[in-house]
Amino acid sequence: MLRLTVNGRVHEVDAAPGATLLDVLRNDLALSGPKYGCGLGECGACTVLVDGVAARACVIPAGGVVDREVTTLEGLGSRDAPHPVQQAFVDEQAAQCGYCLNGMIMTTAALLARRPRPSDREVREALSHNLCRCGTHVEILRAVRRAARLMTPPSDAQR
Ligand code: FES
Ligand code: FES
């Protein structure tokens with residue numbers, strides 16, 4: 001039995017041997033925000049935050065996050081109270097199929113938490129290992145810029 005803290009709640013999970021964090025989130029906790037893409041740590045579709053840092057849930061053993069804080073897309077915000085990054089992606093309609101969006105949003109949230117006003121280059125670097133097969137990159141970059149503005153108080157933005 002594993003005790004995992006996910007989105008601020010403690011869960012006791014009877015995880016299968018060898019289960020990844022992504023398996024547990026999706027199959028045991030019914031959190032479908034993180035997606036299964038490559039299963040190899042390469043596409044970013046499964047990204048979650050572990051202690052606030054973007055991490056690939058498909059290659060993390062479920063037992064590796066005991067005593068850590070895991071946040072999924074569901075824990076970032078809700079339909080009624082979206083996180084500014086979620087709101088910005090909606091406002092910019094930065095999706096086609098949407099499969100990559102979980103990873104794009106979680107990676108952006110982690111970036112803006114540590115770097116509230118990143119340069120375009122820093123944004124591109126941060127998202128360079130999140131793959132979007134639909135080619136929505138232009139809208140995604142616009143959404144990240146919008147999110148940074150939403151999260152930066154006007155007085156800071158004028159500096
Ligand atoms: S599914 Fe985890 S990185 Fe692709
Ligand atoms: S919107 Fe389809 S993979 Fe990015």
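Start by selecting threonine 47 in this predicted model: its bridge partner in β4 is arginine 56. Now widen the selection to β3, residues 47-50, together with β4. The two strands run antiparallel and are joined by 4 bridges. Another pair to pick out here is valine 50, which stands opposite valine 53 in β4. Between the two strands, follow the chain through the turn. β3 and β4 form a hairpin with 2 residues between them, and aspartate 51 in that turn has a positive phi of about 50 degrees.

**The whole sheet**

Next, color every strand. You should find 5 strands in an open sheet, ordered β2-β1-β5-β3-β4, with mixed pairing. Look at the two ends of that order: β2 (9-13) and β4 (53-56) are the edge strands, and each has a single partner, so one side of each is left without a neighbour in the sheet. Turn the view to look along the sheet, and you can follow a twist that averages 40 degrees from one strand to the next. With the side chains switched on, keep one rule in mind: in a regular strand they alternate between the two faces of the sheet.

**The other hairpin**

Move to β1, residues 2-6. β1 and β2 pair in the antiparallel sense, over 5 bridges. Zoom in on threonine 5, whose bridge partner in β2 is valine 10. Which residue stands opposite threonine 5 in β5? Select glutamate 69 and you have it. That pair belongs to the pairing of β1 with β5, which is in the parallel sense and has 2 bridges. Before leaving, select asparagine 7: the hairpin of β1 and β2 has 2 residues between the strands, and asparagine 7 takes a positive phi near 50 degrees there.

**A helix on the sheet**

Go back to β3 and its antiparallel pairing with β4, then add helix α4, residues 101-114. This helix packs on the sheet and touches β3, β4 and β5 (69-71). Compare the directions of α4 and β3, and you will find about 30 degrees between them.

**Where α5 meets α6**

Now select α5 (residues 120-127) and α6 (residues 137-151). Their axes are 11 Å apart, and the helices pack at an angle of about 120 degrees. That angle makes α5 oblique to α6. The crossing is right-handed. To see the contact itself, show Asp120, Val123, Arg124 and Leu127 on α5, and Ile140, Leu141, Val144 and Arg145 on α6. Colored by type, the residues of this contact divide into 5 nonpolar, no polar and 3 charged.

**Where α3 meets α6**

Keep α6 on screen and bring in α3 (84-91). What angle do α3 and α6 make? They pack at about 135 degrees, with axes 8 Å apart. These two helices are therefore oblique to each other, and their crossing is right-handed. On the α3 side, show Pro84, Val85, Gln87, Ala88, Phe89 and Asp91. Their counterparts on α6 are Ile140, Ala143, Val144, Arg146, Ala147, Leu150 and Met151. This contact divides into 10 nonpolar, 1 polar and 2 charged residues. Ile140 and Val144 are worth a second look, since they appear in the contact with α5 and in the contact with α3.

**Two stops in the loops**

For the next stop, select tyrosine 99, in the loop between α3 and α4. Tyrosine 99 is partly exposed, with a relative accessible area of 32%. Leaving aside residues up to four places away in sequence, tyrosine 99 touches Lys35, Tyr36, Gly37, Ala45 and Arg133. If you have the distance tool ready, try the C-alpha atoms of tyrosine 99 and leucine 127: they lie 28 residues apart along the chain and are separated by 15 Å.

Finish at histidine 129, which sits in the loop between α5 and α6. Is histidine 129 buried or exposed? Its relative accessibility is 53%, so histidine 129 counts as exposed. Beyond residues up to four places away in sequence, histidine 129 touches Glu42, Cys43, Gly44 and Arg56. Arg56 takes you back to the opening of the tour, as the bridge partner of threonine 47. One last distance to try runs from histidine 129 to glycine 103: their C-alpha atoms are separated by 9.8 Å, with the residues 26 apart along the chain.

Definitions and conventions: Residues are numbered from 1 along each chain as its sequence is written. Chains are lettered from A and ligands numbered from 1 in the order in which they are written. This is a predicted model: local features need pLDDT of at least 70, side-chain atom pairs count only at pLDDT 80 or more; totals for chains, interfaces and linings use all residues. Side-chain values use heavy atoms; hydrogens and water are left out. Two strands pair if DSSP finds at least two bridges between them. Axes are lines fitted to C-alpha atoms, for helices over the stretch in contact, and angles run from 0 to 180 degrees between N-to-C directions. Contact means heavy atoms within 4.5 Å. Angles under 35 degrees count as roughly parallel, over 145 as roughly antiparallel, 65 to 115 as roughly perpendicular and the rest as oblique. A crossing is left-handed if the near helix is turned anticlockwise from the far one by less than a right angle, and right-handed if clockwise. Ala, Val, Leu, Ile, Met, Phe, Trp, Tyr, Cys and Pro count as nonpolar, Asp, Glu, Lys and Arg as charged, and the others, Gly among them, as polar. Buried means under 20% relative accessible area, exposed over 50%, partly exposed in between (1.4 Å probe, protein chains only).
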